[in-house]
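I opened the model to look up its charge pairs and cysteines. My notes follow in the order I made them.

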Amino acid sequence: MNDNLYNRIIYGIILILIGVIWFISAYQKQKKEYEGKEVSSKKIYDERQKIRRGEGYKYAFYTLLVSAVLSVLVFEEFLELTDSLNLLYSCIIIATGVYSIYCIAYDAYFAINDNINFILLSSLITLIAMLLGSGLILHNDGLWIDGKLNNRLYLLVGTIVNFSILVTLCIKKAKLTKEDTE
């Protein structure tokens, strides 16, 4: 199969997935308006959630600092595997993952008026898009160019972090479903 055709197919699938997310979001909002329910885009959090979110920000900040220092010392200075910008993007993605997973685990990620099913669906579609992007990287250039990691390292790191968030979301959804049945 021609590489250019393969790239176009992958980009087309990613664009279709983005369109599906947008369509589902617009449909849910329209459905609520049609049923006469109040549609508010403002997220409502209780006091406990706000405290946990603050702790999540704190842990994400420290994760960012520690991972940035370690990655620069280990990967750039000693091993010379990649450049600083790739490492910085990867550290930011990891810190965002720490925040998300911490908040999901302590019931602070979702607002009181959020729909967990829609968030789970959009996370799954995002993970599929990132997996397709990672497959595109591995198919075309790979992660290594001249013995160094190339500038697509953060996409692979993002895919791993997004998968972790999706697993945490599934565990939380199963826990909520189990509590509802009891």
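**Salt bridges, fold and cysteines**

I searched the whole structure for salt bridges and got two. I note here that the model is a predicted one.

Entry on the pair in α2. I looked up Arg-52 and found its side chain in a salt bridge with that of Glu-55, at 3.3 Å from N to O. Both residues sit in helix α2, which covers residues 47–78, and they are three residues apart, so about one helical turn separates them. I then checked how far each is covered. Glu-55 is partly exposed at 23% relative accessibility. Arg-52 also falls in the partly exposed class, with a relative accessible area of 27%.

Entry on the second pair. I found Lys-172 in a salt bridge with Asp-107, and the closest N and O atoms are 2.9 Å apart. Asp-107 is in the loop between α3 (84–105) and α4 (116–140), while Lys-172 belongs to helix α5 (residues 153–181), so this salt bridge ties together parts that lie 65 residues apart in sequence. Is Lys-172 buried or exposed? I get a relative accessible area of 6% for Lys-172, so I list it as buried. For Asp-107 I get 34% relative accessibility, which puts it in the partly exposed class. As a general note to myself, opposite charges on side chains can pair when the charged atoms come close.

Entry on the chain. I counted five helices and two strands in the protein chain. Reading along the sequence, I wrote the order down as α-α-α-α-β-β-α. The protein chain has 182 residues, and 30% of them count as buried. I also looked at contacts with a separation of 6 or more, and 79% of these in the protein chain come from residues 24 or more positions apart. For the accessible surface of the protein chain I have about 12000 Å². Carbon and sulfur atoms hold 64% of that surface.

Entry on cysteines. How many disulfides are there? I applied the cut-off, a pair of cysteine sulfur atoms within 2.5 Å, and the count came to zero. I looked up the cover on two cysteines as well. Cys-91 counts as buried, at 3% relative accessibility. Cys-103 is buried too, and its relative accessible area is 0%.

Last entry, for the index. I file the salt bridge of Glu-55 and Arg-52 under helix α2, and that of Asp-107 and Lys-172 under the α3–α4 loop and helix α5.

Technical notes: Residues numbered from 1 in each chain as written. Predicted model: local features only at pLDDT ≥ 70, side-chain atom pairs only at ≥ 80, totals over all residues. Heavy atoms only, no water. Helix = DSSP H or I, 4+ residues; strand = E, 2+ residues; numbered from the N terminus. Buried < 20%, exposed > 50% of the residue type's maximum accessible area, 1.4 Å probe, protein only. Contact = heavy atoms within 4.5 Å. Areas by Shrake-Rupley, 256 points an atom, 1.4 Å probe, with all protein chains shown as cover. Salt bridge = Lys/Arg side-chain N within 4 Å of Asp/Glu carboxyl O.
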